[in-house]
Amino acid sequence: MSPDGLYRAYAESEAVASQAPNAASAECQNTSRLFVSGPESEKFGPVLVVKPSPEGLGNSIDLVDWSPSGHRLLLAQDFWQWGSDVGGMMVRIYDAESENLSREFLVDEAFGKYVGKNCAGVFHPVGFSPSGKVVVTAGPFFEVGEDQPVKDSCVQKEGFWLIDTGIPAVSQLPDNYRVERYARDFQITRLAPSAFPELPVNIRRELKRRRCTIPQVRADKKPQNVIKGEFTRKGQTDWAVLCSVNQVSAILVFRNASERNPSELERETDIDKLQAVSGDATGYSRAISSVGQEYILSHYRSSGGPKPPTIDHQGINDAFAGKASVVHYFHASKWVKLAGAD
């Protein structure tokens, strides 16, 4: 939601198997869509549709932030080829007032103008500056398997850069630059650790110290995203909590109910876990749950993915409700990802 609450946005990606004569040769194809609603109508309308192409069957749209003034939405448009290293990201800006979308290679062009030649780099959008300029991280571009950047790589090390998209022009920012967030996310309900009396007192105290709140799935009535189970070894009770700080959530796993040195899994921005839940309403949709041997093996048999080790304790199912999930499983002193729901 924009800072003044007038505009809202969400993105979705749909993956389907291609219609191939031979089922064994079918490939997954993505279609991603960006939806925006404005002050004149609360209904969401599509403003960007990214379809699969022969060069990139996979794609996605990730929302980053709204500008502090005006109504510009910063987003990342990704593309990739399934089963290969081919892929990339384009930094784009949607102006909700004029309904204009920036050129696909605006950032590349700005850096090219800065260095006076074609510029190869890896660019990721991270937010807006207080003056409304775009902030990105930029790093050198490497070919797969190479340990030296390509000849046209115009950035030697990763850092923050400020882009004036109107000119366009770029300037480097300090390494310790702090990116502010301007989007409002009132549609996400977050509960304090005290809302979960079943949590051991020491863990509640640690969550409070970390300034954690627990985001809630809109469709669920009971408090969720706090679970217990045998997540790291059989016969031991561990706790897992989805901890949100500054609109970014990660799973914290407290081994043997100890507050010391919890494992941190899968940091994701909360806005990336919004989706339409009913009619034109949007809601938070990330949920964690405990799963056992039957769930893990059945999803491996149906979906493939990494072969599970011997399953002798529980895993943590990390789900985008109604869409897909991944199982975090502790094995050989580290966390591995196993297949969940499609």
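Me: How many salt bridges does the structure hold?

Reply: This predicted model holds twelve salt bridges.

Me: Why is the contact of Arg267 and Glu264 called a salt bridge?

Reply: The side chains of Arg267 and Glu264 come to 3.6 Å, N to O. A salt bridge requires a side-chain nitrogen of Lys or Arg within 4 Å of a carboxyl oxygen of Asp or Glu, so this pair qualifies.

Me: What makes Arg267 exposed or buried?

Reply: The relative accessibility of Arg267 is 56%. Exposed means over 50%, so Arg267 counts as exposed. Its partner Glu264 has 44%, and that value lies between the limits of 20% and 50%, so Glu264 counts as partly exposed.

Me: Which residues are linked with Glu268 in a network of salt bridges?

Reply: The network links Glu268, Lys273, Arg286 and Asp318. Within it, Lys273 and Glu268 meet at 3.3 Å, N to O, while the closest N and O atoms of Glu268 and Arg286 are 3.9 Å apart. Both values satisfy the limit of within 4 Å, so each pair is a salt bridge.

Me: What does the pair of Glu268 and Arg286 tie together?

Reply: Glu268 lies in strand 17 (residues 263–269) and Arg286 in strand 20 (residues 286–291), so the pair ties together parts that are 18 residues apart in sequence.

Me: How do you know whether Lys273 and Arg286 are buried or exposed?

Reply: Buried means under 20% relative accessible area; Lys273 has 14% and Arg286 has 1%, so both count as buried. Lys273 also lies over the face of Phe320, at 4.6 Å from the ring centre.

Me: Why is the pair of Phe111 and Trp161 called edge-to-face?

Reply: The ring centres of Phe111 and Trp161 are 5.2 Å apart, with 65° between the planes. Centres within 6.5 Å make a pair, and planes over 60 degrees apart count as edge-to-face, so both conditions are met. Phe111 lies in helix 1 (residues 106–115) and Trp161 in strand 10 (residues 159–164), so the pair ties together parts that are 50 residues apart in sequence. Both residues are buried, and together with Tyr114 and Phe123 they form one aromatic cluster.

Me: How do you know on which side of helix 2 the buried residues lie?

Reply: In helix 2 (residues 201–209), the residues Ile203, Glu206 and Leu207 are buried. They cover an arc of only 100° around the axis, so they sit on the same side of helix 2. These buried residues pack against strand 15 (238–245) and strand 16 (248–254). The face turned away from the buried side carries the exposed residues Arg205, Lys208 and Arg209.

Methods:
Residues numbered from 1 in each chain as written. Predicted model: local features only at pLDDT ≥ 70, side-chain atom pairs only at ≥ 80, totals over all residues. Heavy atoms only, no water. Buried < 20%, exposed > 50% of the residue type's maximum accessible area, 1.4 Å probe, protein only. Helix = DSSP H or I, 4+ residues; strand = E, 2+ residues; numbered from the N terminus. Arc of directions from axis to C-beta. Contact = heavy atoms within 4.5 Å. Phe/Tyr/Trp six-rings, centres within 6.5 Å; stacked < 30°, edge-to-face > 60°. Lys NZ or Arg CZ within 6 Å of the ring centre and 35° of its normal.
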